[in-house]
Amino acid sequence: MKILAVIDMQNDFIDGALGTKEAGEIVAKVKDKIQKALRQGDKVVFTRDTHGADYLSTQEGKLLPVVHCVKGTPGWEIKEGIYAEGCEIIDKPAFGSFELAEWAAAQEGAKEAELIGLCTDICVISNALILKARLPELPVSVDASCCAGVTPESHANALGAMKMCQIRVYNGQE
């Protein structure tokens with residue numbers, strides 16, 4: 001059994017406050033990947049970047065002064081058609097999630113953890129590295145075709161950094 005972690009496929013990162021063309025372009029591939037994982041009996045978990053109304057007064061808000069993913073707003077919601085009923089959702093207040101790593105550690109029989117989603121260069125890389133640190137013997141992979149970064153250049157840089165940290169990066173079908 002594999003774990004598929006779907007990172008922050010939220011409206012604000014796709015076509016909202018921090019949306020990009022590249023993020024919009026991966027939506028159909030992400031949906032297909034999730035459905036395939038569920039058909040294979042894999043565990044699928046979603047993360048949601050989650051901020052409060054005080055976002056601009058936080059450290060992140062001061063460094064990235066674009067209000068986004070405020071809990072309860074349309075931008076915070078996972079893009080329609082992506083969430084699969086019955087799957088776990090982990091709300092995370094920061095780029096990476098220790099809760100996701102602990103959830104993964106509790107999945108008996110997991111042979112691999114794979115990450116897809118947004119943004120490659122911020123939250124995907126953060127969660128991949130936390131998973132690798134928490135579960136050093138569990139293979140961790142990223143499907144680059146189901147990820148998008150803030151820019152194409154930062155996406156490529158993040159993929160290279162993950163490869164250096166023994167995270168398998170591939171592009172689409174295996």
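Reader: At which residues does UniProt place the feature "domain: Isochorismatase-like"?
Author: This is a predicted model, where local features need pLDDT of at least 70 and side-chain atom pairs pLDDT 80 or more, while totals for chains, interfaces and linings use all residues. Residues count from 1 along each chain as its sequence is written, and side-chain values use heavy atoms, without hydrogens and water. The unreviewed entry's annotation, in the numbering used here and possibly inferred rather than shown by experiment, covers residues 3-166.

Reader: How far apart are the end C-alpha atoms over residues 3-166?
Author: Helices (DSSP H or I, at least four residues) and strands (E, at least two) are numbered from the N terminus. That stretch is 39% helix and 20% strand. Its end C-alpha atoms are separated by 17 Å.

Reader: Which element gives the most to the lining of the largest pocket?
Author: A pocket is an open set of 1 Å grid points where a 1.4 Å probe fits, with protein on both sides within 12 Å along at least five of seven lines; lining residues have an atom within 4 Å of a point. Of the 21 lining residues here, Glu60, Leu64, His68, Phe95 and Ile122 are closest to the centre. Two or more residues come from each of α3 (59-63) and α5 (120-134). With 3 residues, the top contributor is α3.

Reader: And which element gives the most to the lining of the second largest pocket?
Author: Lys33, Lys36, Asp143, Tyr170 and Gln173 are the closest to its centre among 17 lining residues. At least two residues each come from β1 (2-7), α2 (21-39) and β5 (140-148). The greatest share, 5 residues, belongs to α2.
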